[in-house]
Amino acid sequence: MTTRSANRVLIANRGEIALRVVRTVRDLGGTSILPYTPEDLLSPAAELADEAHALSEGSSYTDAAAILDLARRTGADAIHPGYGFLSERADFARAVMDADITWVGPSPEAMEALGDKMSARATAERAGVAPVPGITDSVTGPDAVIDFASAHGYPVALKRTDGGGGRGITVLASEEEVRSTPAFEAAAAGGGALILEKFVTAARHIETQCARDRHGAFAVVSTRDCTLQRRNQKLLEEAPAPYLPEGLDARLTGASRRLLEAVDYVGVATCEFLLTPDGDLWFLEVNPRLQVEHCVSEEVTGVDLVEIQLRIAVGGRLGEIPAPRGHSVELRITCEDPARSLAPSTGAITRLRWPAGPGVRIESGVVEGDVVTPVFDPMLAKIVVTGSDRDQALRRARRALHETVVEGVTVCTALHEHVLGREEFTAADPRGGLGVTTRWIETEVLPALADPDAAGPAPAPAPDNPRTRSSYVIELNGRRVRLTVPDGILGGRGPRLGAGFAAATGRGAAQPLRGRGPAGRGPRAAEAAAGDPSVIAAPMQAIVTRICVEPGRRVSEGDLLVVLESMKMENYVHAPADATVADIPVSAGRTVAAGEVLVRMRPARSEQED
């Protein structure tokens, strides 16, 4: 067997997860190497990494070739993908291994067996683990859905097989909705195959944090409860999962072991299940990577899951995993407004104070002065609170929220405060179990918080602390370095990096605004604002994920033109009338500003005039 090493670890990610891995690599005495794009030049992760290198112009964290090229040029002997971006790309994992670089993750074959929802269902069935009732084969039209619903009832869920993190799920409650959904058209235009499952309206989301080494050792580090969700996006997670029926721990461990052994999985993974009030346990999916909520499993066991990943990746043994003790809760702090049904909030963070004290851990990749845009995930931080039992953890969570200050953007702390005051969540249900379901946030909490007149606070001026020297972050030959010079030598006096980072590091330098601003390329809002019906404009700042038409194509009213993604939510842009596509000035993968032209149309009546 080839000897592997992980001494120079390239972290193919950004934000809080990149910073999380940087810290473990440093704990182990290794060297962390971080790629960055222009908007992340001044990020905390780039600041604390041992080496930070600019990606080539025009590339991003999803550019596998650019990441691999950087790994070669910097002498990286391992690549840690974090989560999101390239973490579940089997072809990237294979390319890393072919380059004789240690891949910190499962084999490409295991990733392919578990990487999309269709193959994962098939794998579960082979392993004797029951998935949610559904159709494992690809669903291409409404008839199969209607036939399934006639036997199993509505609602049902169409799921894009390549979807992750809650993306690509369409819930349908009637035959009319099935026949009118754009999901089939989007799939036919390159949006990935679709599978069908019964949409379970009353269930808890339970998962197991698993690890398995190449010698066959397996462990469930802890169970977790991730029931509190909105649109399949987790908001609060806890470990171990509370109030589980007797014997369920053993069922979860057995099912998880069979799933990983079925594909000879090596690494850490999360197996996700639905638990119904009747005690049915249905498999959802396996996430072949580190999860956002891994921190709560670490807190109740004392293990470092990133360290375990690195050890297993180089052929080491899993070792003994301590039994969970105490209880831990993770609050995701996202830029979303609870008063507006968690609508996205963007802007500059003008004031930022995280909580501290016993049992509080903060995982964040932002500092005061940063700019939040829709380009990346809306999560600013994770507040992880641990106590000797669940009651103490929840009390500490309330205290932590009271200490948290975020100004300039609206965040979801009001939702967490509300949840932590609701008895359905804080106490056991009289009938046994936890008295909430995966739909509780949408059906009970958000309606209680709704305020049609709510508005986020206006951005305030950034603080300014004059001093005798200023630090600048510059890029020299493609590598990030820090330059400290006397004030005024480069023109003007005072800080060049804003006060927030100075407070965070004590180094007398701070991080200015980060995040990609509005995309300034191409035609903009003025053209659309003139009321020209031939112009289809972006309704928001977003990423163009799919273009479903081409110039010269005739479309009918309601045909799908473009699919946008903003803060992990898909938005469909349809033709407003019968027309011919004249021009498409954007491309897939582009970030567009609100009002930027997506498609120009030629009215149908002009065909005869031509």
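**An open sheet, two helices and a cavity**

In this predicted model, eight strands line up into an open sheet, and their order is β14-β13-β10-β11-β12-β15-β22-β20, with antiparallel pairing. The edges belong to β14 (281-287) and β20 (360-364); each has a single partner strand, so one side of each is left without a neighbour in the sheet. From one strand to the next, the twist averages 25°. As a bit of background, strands of a sheet pair through backbone hydrogen bonds, and they can do so in a parallel or an antiparallel way.

One pairing in this sheet can be followed down to single residues. Strand β12 (residues 233-239) and strand β15 (residues 327-334) run antiparallel and are joined by four bridges. Here E238 sits opposite V329 in β15.

Helices lie across the strands too. Helix α10 (residues 248-262) lies across β10 (204-212), β11 (218-230), β13 (267-275) and β14, and its direction makes an angle of about 130° with β13. Helix α16 (residues 440-449), for its part, lies across β11 and β12, running at about 50° to β11.

Now for the empty space. Searching the whole structure turns up three cavities of 30 Å³ or more, and the largest has a volume of about 70 Å³. Its lining is made of 14 residues, with R14, G15, D40, S43 and A45 the closest to the centre. What kinds of residues make up the lining of the largest cavity? Seven are nonpolar, four polar and three charged. At least two lining residues come from each of α1 (15-27), β2 (31-36) and α2 (44-48), and β2 supplies the largest share, three residues.

Notes. Residues numbered from 1 in each chain as written. Predicted model: local features only at pLDDT ≥ 70, side-chain atom pairs only at ≥ 80, totals over all residues. Heavy atoms only, no water. 1 Å grid on protein atoms, 1.4 Å probe; cavity = no way out; pocket = protein on both sides within 12 Å on 5 of 7 lines; lining within 4 Å. Points joined across faces, edges and corners; volume = space filled by probe spheres on them. Nonpolar A, V, L, I, M, F, W, Y, C, P; charged D, E, K, R; others polar. Pairing = 2+ DSSP bridges. Axes fitted to C-alpha atoms, helices over the stretch in contact; angles between N-to-C directions. Contact = heavy atoms within 4.5 Å.
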